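This briefing concerns the secondary structure, sheet packing and main pocket of one protein model. Please examine the sequence and structure below before reading on.

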Amino acid sequence: MNARLATIILFVQDLQLLRNFYVENFNLKIIEEDPVWILLDAGSAHMGLHKIGDQTEADQTFSNNIKIVFDIDTDIESVRDELISKKVAMREIKTFENYPFRLCDGTDPEGNVFQLKSKK
């Protein structure tokens, strides 16, 4: 079987906050949008944002094992600095021996982890 990533779905509390975050900071384009669902074009894959139902407490936080990785073709330091200036929580840039990329993790407003990946 051959598989490729098609969509990553994040279950979110504040749909508009997350919509604006990914559209404004990563220039993702909206494919579909309704009151509980937004589908974004993230290049080779789609990202879905699905509003958590009313049965969930608004202040509840969630733990998951999802990391969204964005390949970028811009200098990773300048992208990181720009996101930090927008009050986005970003970690230090890292790399590994014999690995041709530099990496930098950050979190969106609800704590979902994303990673910037740039060629050395």
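Two strands are said to pair if DSSP finds at least two bridges between them. Helices (H or I, at least four residues) and strands (E, at least two) are DSSP runs, numbered from the N terminus. This is a predicted model, in which local features need pLDDT of at least 70 and side-chain atom pairs count only at pLDDT 80 or more, while totals for chains, interfaces and linings use all residues. Residues are numbered from 1 along each chain as its sequence is written, and side-chain values use heavy atoms, with hydrogens and water left out.

**Sheet β5-β8-β7-β6**

- Four strands, in the order β5-β8-β7-β6, make an open sheet with mixed pairing.
- Its edge strands, β5 (67-71) and β6 (89-94), each pair on one side only.
- From one strand to the next, the twist averages 20° (axes are lines fitted to C-alpha atoms, for helices over the stretch in contact, and angles run from 0 to 180 degrees between N-to-C directions).
- Five bridges join β5 to β8 (residues 113-119) in the parallel sense, and Lys67 has Val113 in β8 as its bridge partner.
- Helix α1 packs on this sheet and touches β5, β7 (101-107) and β8, its direction making about 10° with that of β8; contact means heavy atoms within 4.5 Å.
- Helix α2 (residues 76-85) also packs on the sheet, touching β6, β7 and β8, and its direction makes about 165° with that of β6.

**Helix α1**

- The 12 residues of α1 (residues 15-26) reach 16 Å from first C-alpha to last, close to the 16 Å expected at 1.5 Å a residue; the expected span is 1.5 Å times one less than the number of residues.
- Buried residues of α1 (under 20% relative accessible area, 1.4 Å probe, protein chains only) include Leu15, Leu18, Phe21 and Tyr22, as well as Arg19 and Asn25.
- Asn27, just after α1, takes a positive phi of about 55°.

**Sheet β1-β4-β3-β2**

- Another open sheet of four strands has the order β1-β4-β3-β2 and mixed pairing.
- The edge strands here are β1 (7-12) and β2 (29-34), each pairing on one side only.
- The twist averages 15° from one strand to the next.
- β2 pairs with β3 (residues 37-41) in the antiparallel sense over five bridges, and Asp34 stands opposite Trp37 in β3.

**Largest pocket**

- The largest pocket holds about 530 Å³ of space.
- Among its 24 lining residues, Phe26, Leu28, Ala42, Phe70 and Asp71 are the closest to its centre.
- β5 gives the most to the lining, with four residues.

Technical notes. Buried < 20%, exposed > 50% of the residue type's maximum accessible area, 1.4 Å probe, protein only. 1 Å grid on protein atoms, 1.4 Å probe; cavity = no way out; pocket = protein on both sides within 12 Å on 5 of 7 lines; lining within 4 Å. Points joined across faces, edges and corners; volume = space filled by probe spheres on them.
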